[in-house]
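Reader: I would like to learn how to read the open spaces, the aromatic pairs and the nonpolar cores of a protein model. Could you take me through an example?

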Amino acid sequence: MPGQETSGRTRLRVCPPPPEGFDPFAASKVDLARHGLPLRPDPQTQPDLAALWDRLADRYRDFEHLEPRPSTGTAGTEAAKRALAPRLLPLDPQESCGYSLSGSQAAPFTALFATWTVPDLRYSNDPYGPDYFRTFVSLGFLDLHTEMSVDSAQHITCGLWAEGVGTINLPVSPGDVVSGSLCLDTKPPGTAHYFLANQTTGQTINFTLDTGFPPAVTIAAGVSRGWDRPNPALARFGVVYFDEISAYSTNGHQPFPVGSDAVTMVDQNGTTLAQPDMLTDYTFKTIFVTA
């Protein structure tokens with residue numbers, strides 16, 4: 001597969017997207033690998049993962065598969081801004097709202113699947129400028145964000161950003177439903193696999209990179225406000241839904257968000273800004289609280 005060096009520690013491998021009419025169920029292992037698509041898990045030894053593969057393959061088989069053109073120049077600059085990144089657990093309540101779960105080095109997490117809504121933001125007055133906002137899902141040091149901002153004229157920017165990759169050319173807009181699949185190998189070089197889909201526009205994109213990351217012992221999902229200024233304003237985001245969440249470790253399926261730690265976002269005075277609400281064992285929402 002062709003590769004592109006993104007930094008001293010990551011190597012991005014971009015594969016040609018599947019052609020129109022590509023049938024993942026009829027494709028050989030060679031065909032799937034050629035397009036960077038995951039092989040179907042063994043239904044005897046991994047029945048849950050095999051059933052999930054079948055469901056996602058059927059859902060996305062007629063989507064438009066985009067050729068990845070990640071903005072690798074943003075991979076390091078954006079990461080440098082996140083000294084308090086959501087992947088560090090426990091989540092910082094002055095930055096984030098959501099759920100986090102810690103595992104163990106003996107049975108690290110290997111995959112995280114989630115679907116979420118992209119909110120329609122409204123500006124909250126901030127003397128420093130636009131409000132910055134993101135949704136996130138994290139598998140250890142592997143992060144996927146919907147990066148957003150809104151200014152006083154209610155102008156919204158929106159895009160996807162992935163750890164070690166940078167900005168991704170899968171278009172997303174407020175109101176869209178986005179799905180992300182993050183997989184991380186447990187052995188060096190810590191190969192990561194990203195599979196992303198905009199279910200509203202019917203588009204998908206995927207890529208693979210060697211990260212050098214250690215095995216993942218944490219997973220998390222939720223929303224965050226920008227943290228590049230003192231006590232930043234939280235954009236009025238209404239409600240963000242996270243559903244179809246599936247997490248797996250080397251021991252098999254792991255429940256999430258049930259059994260995980262809930263984090264409510266507060267300001268420096270302890271006033272609640274946003275709170276999580278578990279809906280089922282595999283769905284939750286984050287709610288904007290302050291008026």
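Author: Gladly; we will go through pockets and cavities, then aromatic rings, then the nonpolar cores. Keep in mind that this is a predicted model.

Reader: Let us start with the open space. What is the volume of the largest pocket, and which residues lie nearest its centre?

Author: The largest pocket has a volume of about 1000 Å³. Its lining counts 46 residues, and Pro 38, Trp 53, Phe 113, Cys 183 and Phe 195 are those nearest the centre. By class, 24 of the lining residues are nonpolar, 16 are polar and six are charged.

Reader: Which element gives the largest share of that lining?

Author: Helix 2 does, with ten residues. Elements that each supply at least two residues include helix 2 (47-60), strand 5 (109-117), strand 10 (177-184) and strand 11 (191-198).

Reader: And how many cavities of 30 Å³ or more are there?

Author: A search of the whole structure turns up one, and about 40 Å³ of space lies in it. Among the residues lining this cavity are Asp 126, Asp 131, Tyr 132, Asp 228 and Arg 229. Its lining is made up of four nonpolar, one polar and four charged residues.

Reader: Now the rings. How is a pair of aromatic rings described?

Author: By the distance of the centres and the angle of the planes. In this model the count comes to nine aromatic pairs. One of them joins Phe 237 and Phe 288, edge-to-face, at 5.8 Å centre to centre and with 85° between the planes. This pair links distant parts of the chain, 51 residues apart: Phe 237 sits in the loop between strand 13 (218-225) and strand 14, and Phe 288 belongs to strand 19.

Reader: Are Phe 237 and Phe 288 buried or exposed?

Author: Both Phe 237 and Phe 288 are buried. Elsewhere, Tyr 99, Phe 242 and Phe 284 form one aromatic cluster.

Reader: What is the general idea behind a nonpolar core?

Author: In soluble globular proteins, nonpolar side chains tend to be buried together. Here the largest nonpolar core has 53 residues, and Phe 237 and Phe 242 are among those with the most contacts inside it, as are Phe 133, Val 137, Leu 139 and Ile 168. A second, separate core has ten residues, including Phe 63, Phe 113, Cys 183 and Ala 197.

Reader: Which residues is Phe 237 in contact with, leaving aside neighbours within four places in sequence?

Author: Phe 237 touches Pro 119, Leu 121, Phe 133, Val 223, Ala 274, Thr 286, Ile 287 and Phe 288.

How values were computed: Residues are numbered from 1 along each chain as its sequence is written. This is a predicted model: local features need pLDDT of at least 70, side-chain atom pairs count only at pLDDT 80 or more; totals for chains, interfaces and linings use all residues. Side-chain values use heavy atoms; hydrogens and water are left out. On a 1 Å grid over the protein atoms alone, a cavity is a set of points where a 1.4 Å probe fits but cannot get out, and a pocket is an open set with protein on both sides within 12 Å along at least five of seven lines; lining residues have an atom within 4 Å of a point. Grid points are joined across faces, edges and corners, and a volume is the space filled by probe spheres set on the points. Ala, Val, Leu, Ile, Met, Phe, Trp, Tyr, Cys and Pro count as nonpolar, Asp, Glu, Lys and Arg as charged, and the others, Gly among them, as polar. Helices (H or I, at least four residues) and strands (E, at least two) are DSSP runs, numbered from the N terminus. Rings of Phe, Tyr and Trp (its six-membered ring) pair if their centres lie within 6.5 Å; planes under 30 degrees apart count as stacked, over 60 as edge-to-face and the rest as tilted. Buried means under 20% relative accessible area, exposed over 50%, partly exposed in between (1.4 Å probe, protein chains only). A nonpolar core is a set of buried Ala, Val, Leu, Ile, Met, Phe, Trp, Tyr and Cys residues joined through side-chain atoms within 4.5 Å. Contact means heavy atoms within 4.5 Å.
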